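Q: Hi! Could you walk me through the ligand site in this one?

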Amino acid sequence: MAETARISLPEAAERLGVHYMTVYRYVRTGQLPAVRVGAKWSVDVADLGLTHRTVDVRSERSHNQSQRAARLLDRMTAGDGAGAWTIVDGALASGSDPKDIYINLLAPVLTLIGDGWSRNEISIAQEHRASVVATQIVGRLGPRFARRGRSRGAVVLGLVPSEQHALPALMLADLIRLAGFEPLNLGANTPAHSFVETALGADRLVAILVGATNYLPDDTVSGLVSEMRIDGVTSPILLGGRAITSKDHAIRLGASGWTGQDAASALEALENLVARVH
Ligand code: B12
């Protein structure tokens, strides 16, 4: 039968053969159940085996994930679409869903590629090859984000004029579809009149999301927003992406709000907007 005595964190650390701070971290991150009485934590001895197993599984999982990311980076920079897809397919087979693939595999690999480029370790040619392969992966995964049932409304999205980074909008559009909206993605380098035409023609428009990855002069972005307003767009316009650094920044540029700088925060901003309206 399992032992059920309660012991302190230093005692647990001794039994597990790890530092006190490691046990404390297990408690703070929820890997080890603990009870606090006053300033003192205690844990059940029976949970210690569980902790070791959980930590083993987690570290094995994160090891597998980083190996997979390294292999994907290698295939993407080589321009090997088939090889890259085999890796993505392997991740799907081992239980990742398409959203996981975007957020926990493809986006981190793209970030590594960008960092490698900025340190001169990855050439512009490799970056271009990788972008094409990433676009192919997104093209194959895209249909898996489709949802049945009535859409929650249309969301127009696109990137500011002169911006070539189309991939962030492609990925975000799929995630928006998964959340039940109908994305109308205008992609890279979108002029104001295309935002306006799409917004005015959209059925049950929820919002327009305008992304900027590269830094642009503020008046170019605020000019885009005011052109949309002058041309009759009344729906919320949210600005975001890497180059829009805060909510204040977005508001200063004339937007109704900020999407944040990554896909997860963009989805959250959209949900908050819908919750405020209803
Ligand atoms: C692929 C890539 C390219 C490709 C783009 C191909 C394509 N079809 O998209 C090419 C080769 C063309 C390119 C060009 C350039 N690039 Co580039 N590129 C990248 C790279 C490696 C991946 C971009 C990507 O798809 N990211 C996807 C995810 C990982 O990015 P993300 O920022 O988290 O995107 C999310 C947010 O934008 C968020 N989001 C939040 N709110 C909203 C709202 C909206 C509406 C949208 C759409 C998105 C959004 O959702 C996204 C989805 O997850 C990045 C590295 C990186 N860290 O991203 C560099 C990077 C973006 N590039 C950079 C630079 C400097 C350039 C160039 C100027 C120089 C160059 N590398 O040759 C040119 C710029 C050209 C231009 N005028 O736009 C820098 C930008 C620096 C900065 N502003 O901070 C980066 C960060 C590389 C680096 N580490 O320095 N690039």
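A: Happy to. First, a polar contact here is a pair of N or O atoms within 3.5 Å; within protein, one must be able to donate a hydrogen and the other to accept it, and residues adjacent in sequence count only if both atoms are side-chain atoms. With that in hand, a backbone N or O atom of A166 lies 2.9 Å from an oxygen atom of the ligand.

Q: Good. Anything I should know about the model itself?

A: This is a predicted model, where local features need pLDDT of at least 70, side-chain atom pairs count only at pLDDT 80 or more, and totals for chains, interfaces and linings use all residues. Residues are numbered from 1 along each chain as its sequence is written, and side-chain values use heavy atoms, with hydrogens and water left out.

Q: OK, which polar side-chain atom lies 2.6 Å from an oxygen atom of the ligand?

A: That one belongs to N214. In addition, a polar backbone atom of T213 is 3.0 Å from a nitrogen atom of the ligand.

Q: And what does the protein give the cobalt atom as a donor?

A: A single donor, NE2 of H165, 2.3 Å away. Donors are N, O and S atoms within 2.8 Å of the metal (3.2 Å for Na, K and Ca), and water is not among the atoms, so sites may look incomplete.

Q: Where does H165 lie?

A: In the loop between strand 4 (154-159) and helix 7 (167-178). Helices (H or I, at least four residues) and strands (E, at least two) are DSSP runs, numbered from the N terminus.

Q: Switching topic: which helix gives the most to the shell around the ligand?

A: Helix 5, with seven residues.
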